[in-house]
Amino acid sequence: MSYPPLLQNPGGDGPQIWDPYTLPVNDNVNPYCFSVDLNGAYYLQKGKMVAYYGDMRFSGIGRGVLDRVLEQNFNSPLHASDWVVAEGRGKLLLADRAYDLNSYDLEDGNLTVRSGNLLAFEPSLRLKQSIIPGFLTLLGTGKFVAASNGPVHFVEPPVRVDPEALVGWADCPAPCHHYDHSYLHGVIGGIRHLTGIGGASGEEHQFEFIGAGQVLMQSSETVMAEKSVGVVGEQSAVPHQQPTQAAPGLGNLRDLGRQFGL
Amino acid sequence: MVAYTGQMGFKKLTGGGDGLRGMVTRRLTGERMEVMEVKGQGTCYFADKATEINLVRLNGETLFVESDNLLCTEATLRTGTSFTGLNGMASGNGLFTTKVEGQGWAAVTSNGPAVILRVAQGLPLRVDPGAYIAHTGNLNRALKSGAGWTTLIGEGGGEAMQVEFTGEGLVYVQPSERLTFGGDA
């Protein structure tokens, strides 16, 4: 079998050409593209597949036969309709808007990540919704892939992070808000805060982490579009987000529209 | 062009640079390209929105590339328009694609460095239409639908349209997806 002699630099090797045998196994192809050696099932965010070799099926979550499997992994409220299951065998390439991708191995651990940053995870992990709105928690043993704008940095607490630069954290017992009180104090501070007159630095509010653990930061303040993870049922003492995403043209049906994929 | 050193002359080539026939074809097919010709001596720098640039060396093969992704070619290469069939339309990439043939270098842009995937006998490849940028070699493309009745009620797999490549050649895929009708149905 002969291949066209393409892309060979006269004096060099030329760029790497991949096929199913040379593609990395559950590792990055380049900083922006991740190759999954699929044999069974894998959960991924909708629309993040760029290419695949082999025999695969992509199905939406929350229907039919799959529901039984899901009960074991998906403890996030109904319908994570932004998630799909890839089933089959082959090599699957994932990417997300040319953002940096990283895979993380959890060993009987926990990691909380911004919902928009989580791209894919092994079915051996359990996905739950964090008490902190907009974040998802992964528990158990396995590998997952997360995207970030710019490479991820691991920082040990105690640390205060800009909210927009926070990707997630592992094992930290107490993530909390931190305001520079003195700066926002009193009448002058209030005016500063509301109007920006007199020099609001834009950095008066941070997330603070203490205790033992790891904090994941991205090197940019571009926040990934938040993925709806389903709305927590209203119940006293349960913090919940206002359902914000009203499907266009659906008035106040709000989350219902998303469940139907509109 | 972003900069040059030396002596350069720039000339606009009307309608994509394939003469009158090419111009008419491009008008008709909507595969429009603004093309200019650079002549002279020195170094000329090309760039486009800080996207990644992939160099493709052609030795008589044909490169099929989305016109948005073609940055520049050597004058020894010919560009033309090729009919991709209904596959292109359904994937939002248009009915036509740009064809580059001859001997020389072409520069292809991509959002993030392109991943080059080999297709051979028994190794078909399926690609998200939004991530496809170019291919070379003797490949057939066919639109595959992963959509079933569940897509209609919004519980689909999110990958309703895929382009399947069979034959022998190389496919260039970018680690990002254009907003297309098919890629994010």
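**Notes on aromatic and nonpolar side chains**

1. Let's start in chain B, where B:Phe10 belongs to strand β1, the stretch covering residues 3-13. Please keep in mind as you read on that this is a predicted model.

2. Is B:Phe10 buried or exposed? The answer falls in between: B:Phe10 is partly exposed, and its relative accessible area comes to 33%. Together with B:Met1, B:Tyr4 and B:Met36, B:Phe10 makes a nonpolar surface patch of about 350 Å².

3. Staying with chain B, have a look at B:Tyr132. The face of this ring has B:Arg141 lying over it, 5.0 Å from the ring centre.

4. Now to ring-ring contacts. Counting over all chains, the structure holds eight aromatic pairs. In one pair, A:Phe135 and A:Trp169, the ring centres are 5.1 Å apart and the planes meet at 50°, so this pair is tilted. An angle under 30 degrees would have counted as stacked and one over 60 as edge-to-face.

5. Where in chain A do these two partners sit? A:Phe135 is in strand β9 (residues 135-148), while A:Trp169 is in strand β12 (residues 166-170). With their positions 34 residues apart, the pair links distant parts of the chain.

6. You may also like to check how covered the two rings' residues are. A:Phe135 has a relative accessible area of 5% and is therefore buried, the cut-off being under 20%. A:Trp169 is buried too, with a relative accessible area of 5%.

7. One last item for your viewer: which residues form one aromatic cluster with A:Phe144? They are A:Tyr104 and A:Phe154.

Definitions and conventions
Residues numbered from 1 in each chain as written. Chains lettered and ligands numbered in written order. Predicted model: local features only at pLDDT ≥ 70, side-chain atom pairs only at ≥ 80, totals over all residues. Heavy atoms only, no water. Phe/Tyr/Trp six-rings, centres within 6.5 Å; stacked < 30°, edge-to-face > 60°. Helix = DSSP H or I, 4+ residues; strand = E, 2+ residues; numbered from the N terminus. Buried < 20%, exposed > 50% of the residue type's maximum accessible area, 1.4 Å probe, protein only. Lys NZ or Arg CZ within 6 Å of the ring centre and 35° of its normal. Patch = residues over 30% accessible without salt bridge, like charges linked within 9 Å, V, L, I, M, F, W, Y side chains within 5 Å. Areas by Shrake-Rupley, 256 points an atom, 1.4 Å probe, with all protein chains shown as cover. Salt bridge = Lys/Arg side-chain N within 4 Å of Asp/Glu carboxyl O.
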